[in-house]
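Me: Hi! Could you take a close look at one part of this structure with me, starting with a single loop, and then show me what else there is to see along the chain? Please keep it friendly, as I'm new to this.

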Amino acid sequence: MANAHALEEEEEEGEGHEAVEEIQRVIESVAQFGQYRKTQRKECHNLVRRFKLMLPIVEELRDIPEPFHENGIVWLKKLRDALLFAKELLRLCSQGSKILLAMETEAYMIKFQGVYEKLSQAFEDVPCEELGISDEVREQIELMHTQLKRARRRTDTQDMELAMDMMVVLSGDEQRSADSAIIERLAKKLELQRVEDLKIETLAIKQLADERKGQQVDSTKKIIGLLNKLKRIAGMEETSVLDDPVLPRVLVKSISLVIPHEFLCPITLEIMTDPVIIASGQTYERESIVKWFESKHNTCPKTRQTLDHLQLAPNCALKSIIEEWCEKNHFKLPKKFKSSSQNNGPIINIQEIPPLVESLSSIHLEEQRRAVEKIRMLSKESPENRILIAEHGGIPPLIQILSYPDSKIQEHAVTALLNLSIDEKNKRLISKEGAIPAIIEVLENGSIVAKENSAACLFSLSMLDENKELVGLSNGIPPLVKLLRNGTVRGKKDAITALFNLSLNHANKSRAISAGIVAPLLQLLKDTKTNMIDEALSILLLLSSISEGRQEIGQLSFIETLVEFIKDGTPKNKECAASVLLELCTNNYSYILAALQYGVYEHLIQIKGSGTNRAQRKANALLDLISRSEQI
């Protein structure tokens, strides 16, 4: 009986360190995943970064003597399970079908929120006292918990162009089926342009179908259908996928590419680009071990032994092996920046932001200038910072200093608001605090950069329908038209995107016409260097839906320009020009006669046979109008 009791105690004693070792193995294994799919890459990198921030906590847990307190063991297992849950999501985003991940972007965003929920719960009640955790690591745990809670409620904005393209391709509606331009755009966004990438995707989809075991048949068919469209664009043979024989072993390796453990720096868990050997015989990334030594350490981070010297020797053999492996597996080594502030992503300093927000209201101009410049930088760095600045009341003082005569303060303030407006909740806060009239004032009277960023800010804010109307009522359209007419190329691009968004509001179409938008749009159609023809035609299409718009743009010279684009433009140009011409001709037969005089008929016949799907529909509608006009 005594022996059994002793054995049980011995098992309990080993259980704590076993859990710690398992946690470390999970963190290290995540670092070995290859590149993440583009649609989830940002979220994956954020999650992996948080994994790495847990390493100091794990290091301390390794040094805690056995036996672990019972509560400590329970917590370690809870953390381990949360990390394993997160690891599985990262694996899917590294090795899963790119098409599936693009289809289910929203579902995967919810999965990331679920991961942060579990991790946040794991760091909620850490038994620091029972585990004997130091004050320094306790602060790190508290910071980690705060960041995880914030990440849990964050929702990044979706790539709307990708979402719309996927919707069109997968809709199954023949009237809206995807043309080659959309497929090419998807191939680029999903990184499925190379034959090798498409072969790997084929295997991923085959594995997905096997895992589904005959369920979700419609979804699988849509995925395979899009895969075959992408193959067609790349000049590959279309296949049924499900009936394909097993693909070569080399592709199986490619889809589950794992970075060899010995290639990873023990400090950062990143693949090494400049490996060096220290006195203990261990190899580290040069930059990481130099930082370790500069922090007054004279020990080996991995073995903990005191070093006889701090000299570094290049590990040329390992560097050569890593480079050879990368070339063989088409793996791109990460770029290294000289500035240490650019490494490993931005580090959120919760203590830094409140005093900066307070300094925005300082009576000292130089202090305000420094604070607003710093907030501009922080708001650009990460979603967490954007939320934190807003939560600490940074938006009202930023709006207030927009009216300052100091051009640099004004420029930094409007750019900070632009950065903050990326967050959906902040969009509402900024407009609620009355920022739009102040931003329009900067658009009218600010520096060149301030004007450009004001236009971009109005575009961002006008993503909300209520703000479209508010910008129009606040007389924001005339200065945007002025920027479109007289601005730099960048300023024109900012102005035209904002004006397109605002013109989706019916009342703003009349306001834009009154502000003289048509003349600069027609000028952009002539100026091919600015590369804004499609944008200009898209706005003209919106304006042609109202009588004032048709009256303003329906000149013979414009009809001739449209016919020229239908004849010689890019596929997208032809599509947009045909759409505008159809809108004009539907409401006025005289435009049909003018277009016929400029030779539109034969060009429409060509588009009918070889244009994009949407262009073909517009061409057919125009030909039908021409046929009916001849019968009158």
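Reply: Let's start with some vocabulary: a residue is buried if its relative accessible area is under 20%, exposed if that area is over 50%, and partly exposed if it falls in between. One thing to keep in mind is that what you see here is a predicted model.

Now for the loop. Find Asn-475, which sits in the loop between α24 and α25 (477–486). Its relative accessibility is 45%, so Asn-475 counts as partly exposed. Its backbone deserves a look too: Asn-475 is not a glycine, yet its phi is positive, at about 65°. Why is that worth a second glance? Most residues other than glycine have a negative phi.

Step back from the loop to α24, the helix on one side of it. Helix α24 covers residues 465–473, and Glu-469 belongs to it. Which residue does Glu-469 pair with in a salt bridge? Its partner is Arg-511, and the closest N and O atoms are 3.7 Å apart. Arg-511 belongs to helix α27 (residues 506–514), so this pair links distant parts of the chain, 42 residues apart. As for cover, Glu-469 has a relative accessible area of 27%, so it is partly exposed. Arg-511 comes out at 24%, which makes it partly exposed as well.

Further along the chain there's another contact to check. Leu-542 is in helix α29 (residues 533–543). Its C-alpha lies 6.8 Å from the C-alpha of Ser-503, although 39 residues separate the two in sequence. Leu-542 counts as buried because its relative accessibility is 17%.

You can now look for the backbone feature of your loop elsewhere. Glu-191 is another residue that is not a glycine but has a positive phi, here about 55°. Its home is the loop between α10 (180–189) and α11. With 28% relative accessibility, Glu-191 is partly exposed. Follow the chain from there into α11, which runs over residues 195–212. From first C-alpha to last, its 18 residues reach 26 Å, close to the 26 Å expected at 1.5 Å a residue. The buried residues of α11 include Leu-198, Ile-200, Leu-203 and Leu-208, but also charged-type names such as Asp-197, Glu-201 and Lys-206. Right after α11 comes Lys-213, and its phi is positive too, near 50°.

For another helix to practise on, try α20 (residues 407–420). It has 14 residues and reaches 20 Å, close to the 20 Å expected. How many of the 14 residues in α20 are buried? Twelve are, so the helix is mostly covered. Among them are Ile-409, His-412, Val-414 and Asn-419.

Back to salt bridges for a moment. The count for this model comes to 18. One of them joins Arg-80 and Glu-22, with 3.5 Å from N to O. Arg-80 is in helix α4 (residues 70–95) and Glu-22 is in helix α1 (residues 2–31), so the pair ties together parts that are 58 residues apart in sequence. Arg-80 is buried, as its relative accessible area is 18%, whereas Glu-22 is partly exposed at 25%. Asp-81 joins in as well: Glu-22, Arg-80 and Asp-81 are linked in a network of salt bridges. Another bridge connects Arg-138 with Glu-129, where the closest N and O atoms are 3.2 Å apart. Arg-138 is partly exposed at 23%, while Glu-129 is exposed at 60%.

Last stop: some charges on the surface. Asp-135, Glu-136, Glu-139 and Glu-142 form a negative surface patch. Glu-142 is part of helix α8 (residues 135–152), and its 53% relative accessibility is why it counts as exposed. So if you go back to Asn-475, you can place it on this scale: its 45% makes it partly exposed.

Technical notes:
Residues are numbered from 1 along each chain as its sequence is written. This is a predicted model: local features need pLDDT of at least 70, side-chain atom pairs count only at pLDDT 80 or more; totals for chains, interfaces and linings use all residues. Side-chain values use heavy atoms; hydrogens and water are left out. Patches are made of residues with over 30% relative accessible area and no salt bridge: like charges are joined within 9 Å, nonpolar side chains (Val, Leu, Ile, Met, Phe, Trp, Tyr) within 5 Å. Accessible areas come from the Shrake-Rupley method with a 1.4 Å probe; for residues, only the protein chains shown count as cover. A salt bridge is a side-chain nitrogen of Lys or Arg within 4 Å of a carboxyl oxygen of Asp or Glu. Lys and Arg count as positive and Asp and Glu as negative; His and the chain ends are not counted. The place of a charge is taken as NZ of Lys, CZ of Arg, CG of Asp or CD of Glu. Helices (H or I, at least four residues) and strands (E, at least two) are DSSP runs, numbered from the N terminus. Buried means under 20% relative accessible area, exposed over 50%, partly exposed in between (1.4 Å probe, protein chains only). The expected span of a helix is 1.5 Å times one less than its number of residues.
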